[in-house]
Amino acid sequence: MLFLEGFTDGIVIFSQDGDLLYNNQSGKTFIRYLSQLEETTANQLPPSLWKICDCLLEGRKLFPENPLILTQEFPVLEGECLRVRVQFLNFPEIDAVLFLLILEDQNRTAQSLARLEAVYWSLSPQEGQVWLQRRGYKASYQEIANQLHISLNTVKKHLKSIHAKARELNTAH
């Protein structure tokens, strides 16, 4: 299970009885945070996560032949969001129902996507910074101007250029 530690997403594996079998460092952090909000201990699955797993069990009864993955988003702090994906984890040698939870920090995902788009669209370094602030951090035009010490008109000019580059590449493909 050592390779799961390298994931930036939280990985949590537990049994239908609620026994925690594994969680990587990111998973521990997310579980600890949700446990504080829901006033449970860190070695218990918070009720909001258990509710998703319970829905997955019900879905299996209705659609036994279909692989199911349930997704739910949780606002965790102001402007931050956590996406939770739950699915069954099957090991032939284990005769028990296991759940795999993947806990994804949506803000980190948006920041990574903004960096990739900056490269793909061949943005200048300044445009890349503006785009990271806008897409990755959801900053307003004024917040971008303040953060990067540029004028509001410069922010608008960069965003206009960014959108033109993105449109150009999207229509070319």
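**View 1. The exposed side of helix 6 in a predicted model**. Asn153, Lys157, Lys160, Arg167, Glu168, Thr171 and Ala172 are exposed on this side of helix 6 (exposed is over 50% relative accessible area, buried under 20%, partly exposed in between, with a 1.4 Å probe and protein chains only). Helices (H or I, at least four residues) and strands (E, at least two) are DSSP runs numbered from the N terminus. Residues are numbered from 1 along each chain as its sequence is written, and side-chain values use heavy atoms, without hydrogens or water. As the model is predicted, local features need pLDDT of at least 70 and side-chain atom pairs pLDDT 80 or more, while totals for chains, interfaces and linings use all residues.

**View 2. The buried face of helix 6**. Turn to the other side and you meet Val155, His158, Leu159, Ile162 and Ala166, which are buried. Down the helix axis, the buried residues fall within an arc of 100°, so they line one face (the arc is taken from the directions from the axis to the C-beta atoms). These buried residues pack against helix 4 (125–136) and helix 5 (141–148), with contact meaning heavy atoms within 4.5 Å.

**View 3. The open sheet**. Five strands lie in the order 2-1-5-4-3, with antiparallel pairing (two strands pair if DSSP finds at least two bridges between them). Strand 2 (20–23) and strand 3 (69–75) are the edges, each pairing on one side only.

**View 4. Strand 1 beside strand 2**. Three bridges join strand 1 (residues 10–15) to its antiparallel partner, strand 2. Look for isoleucine 13, which stands opposite tyrosine 22 in strand 2.
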